[in-house]
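Take the fold from the middle outwards. The paragraphs below start inside a sheet and finish at the loops.

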Amino acid sequence: NPVRRLLITGAAGNMGRLLRPLLRRDGRVLRLADVVELDHLVSGEERVVADVRDPVAVGTACQGVDAVLHLGGLSSDAPFDDILAVNVAGTHNVLRAAVDAGVSRVILASSNHAVGFYRRSTDLPPGAGELPDGLSPRPDTFYGWSKAAMESLGSLYHDRYGLDVIALRIGTCFAEPVGSRGLATWLAPTDAANLIEACLAAPRPGFRVVWAVSDNTRRWWSLEAARALGYVSTDDAERFAAARIAEFGEPDPADPVHDLVGGSFCSAPLGQPI
Ligand code: 15L
């Protein structure tokens, strides 16, 4: 059964803006929710102003939708109380509202920073060049911790209420890879859309925690769980390699920024925007 109405929280944010044009389909309405009022609506889009901290507003936003893509939240580190209120309580409001409104599927924007302290040098399984999906959390920031907490709430809501919840451990989702780390961690916006469509189409996925990256030549995070959902990556950050290496040099695998999943988040002062 096709998703006729998709609620996107955080639609005015970085990923929301990138994905809005890519998730438009004939016969589908995108309900765009954000704390700020969205403009330049096109046909097939509707908007709601809702703060994820407000359970009533989130409840209203969930009425009549077939699925939720939950992107709304703080996307970098912040003081603990802010992270707790926006990312953790906010996600709880979304999951609660989805169940109450009879929505059967929620896609959560988790992050590599939920597992940011895994290292390429020590944590790759013997004989494998990739970190597997669903690693137990090793957050690198309050932000990364909140992403692990969001995943765990998704698990709770799946087991309690049968809600399908897919938590995407997103790499670096911008129009182009950021820095030389992005050559490994990039999720091309088109691939983000490919993966989200796979998440929407998969029959009864249950609860899953899935790496979300493009099939980059320098990727070291598995695509197994994403592919099992039907994801086909159509981009590779390698086409930016020459330019990034000219600017930043060849990535040194001994440099913690390239050795650690979370890169510079692991050494940034805790609780401050990065
Ligand atoms: C994230 O989770 C952030 O939201 C984003 O701004 C990037 O820093 C990204 O991770 C990354 O690791 O590149």
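**From the central strands outwards**

I166 stands opposite R208 in strand 7. Strands, like helices, are DSSP runs numbered from the N terminus, with at least two residues (E) for a strand and at least four (H or I) for a helix. This is a predicted model, in which local features need pLDDT of at least 70 and side-chain atom pairs count only at pLDDT 80 or more, while totals for chains, interfaces and linings use all residues. Residues are numbered from 1 along each chain as its sequence is written.

Strand 6 covers residues 164-170, and strand 7 covers residues 207-212. The two run parallel and share 6 bridges. Two strands count as paired if DSSP finds at least two bridges between them. Strand 6 also pairs with strand 5 (residues 105-111), again in parallel, through 7 bridges. Here S111 stands opposite I170.

How many residues of strand 6 are buried? The count is 7 of 7. Buried means that 20 or more other C-beta atoms lie within 10 Å of the residue's own; 12 or fewer means exposed, and anything in between is partly exposed, with C-beta atoms placed from the backbone. Both faces of strand 6 are covered. D164, I166, L168 and I170 are buried on one side, and V165, A167 and R169 on the other. In strand 7, 5 of the 6 residues are buried.

L168 and A212 reappear in the largest nonpolar core. Such a core is a set of buried Ala, Val, Leu, Ile, Met, Phe, Trp, Tyr and Cys residues joined through C-beta atoms within 7 Å. This one has 79 residues, and V68, L168 and A212 have the most contacts inside it. Its largest share, 8 residues, comes from helix 5. Beyond four places in sequence, A212 is in contact (backbone-placed C-beta atoms within 7 Å) with residues including L168, R169, I170 and G171. L187, A192, L195 and A226 are also among its contacts.

Helix 5 spans residues 142-161. The expected span of a helix is 1.5 Å times one less than its number of residues. For these 20 residues that gives 28 Å, and the end C-alpha atoms are 28 Å apart, so the two values agree. G162 follows helix 5 with a positive phi, near 75°.

Now turn to the ligand. Its surrounding residues are S75, S76, S111, N112, H113, T172 and T185. Each has its backbone-placed C-beta atom within 6 Å of the ligand. What classes make up this shell? It has 7 polar residues, no nonpolar and no charged ones. Ala, Val, Leu, Ile, Met, Phe, Trp, Tyr, Cys and Pro count as nonpolar, Asp, Glu, Lys and Arg as charged, and the others, Gly among them, as polar.

The loops come last. Most residues other than glycine have a negative phi. H40, in the loop between strand 2 (29-34) and strand 3 (45-49), has a positive phi near 55°. H40 counts as exposed because it has 6 C-beta neighbours inside 10 Å. R204 sits in the loop between helix 7 (189-201) and strand 7. Its phi is positive too, about 35°. R204 is exposed, with 8 other C-beta atoms within 10 Å.

L22 lies in the loop between helix 1 (14-19) and strand 2. With 15 other C-beta atoms within 10 Å, L22 is partly exposed. L22 and P189 are 167 residues apart in sequence, yet 8.1 Å apart in space, C-alpha to C-alpha. Outside its neighbours within four places in sequence, L22 is in contact with P189, T190 and A193.

Key
Contact = placed C-beta atoms within 7 Å.
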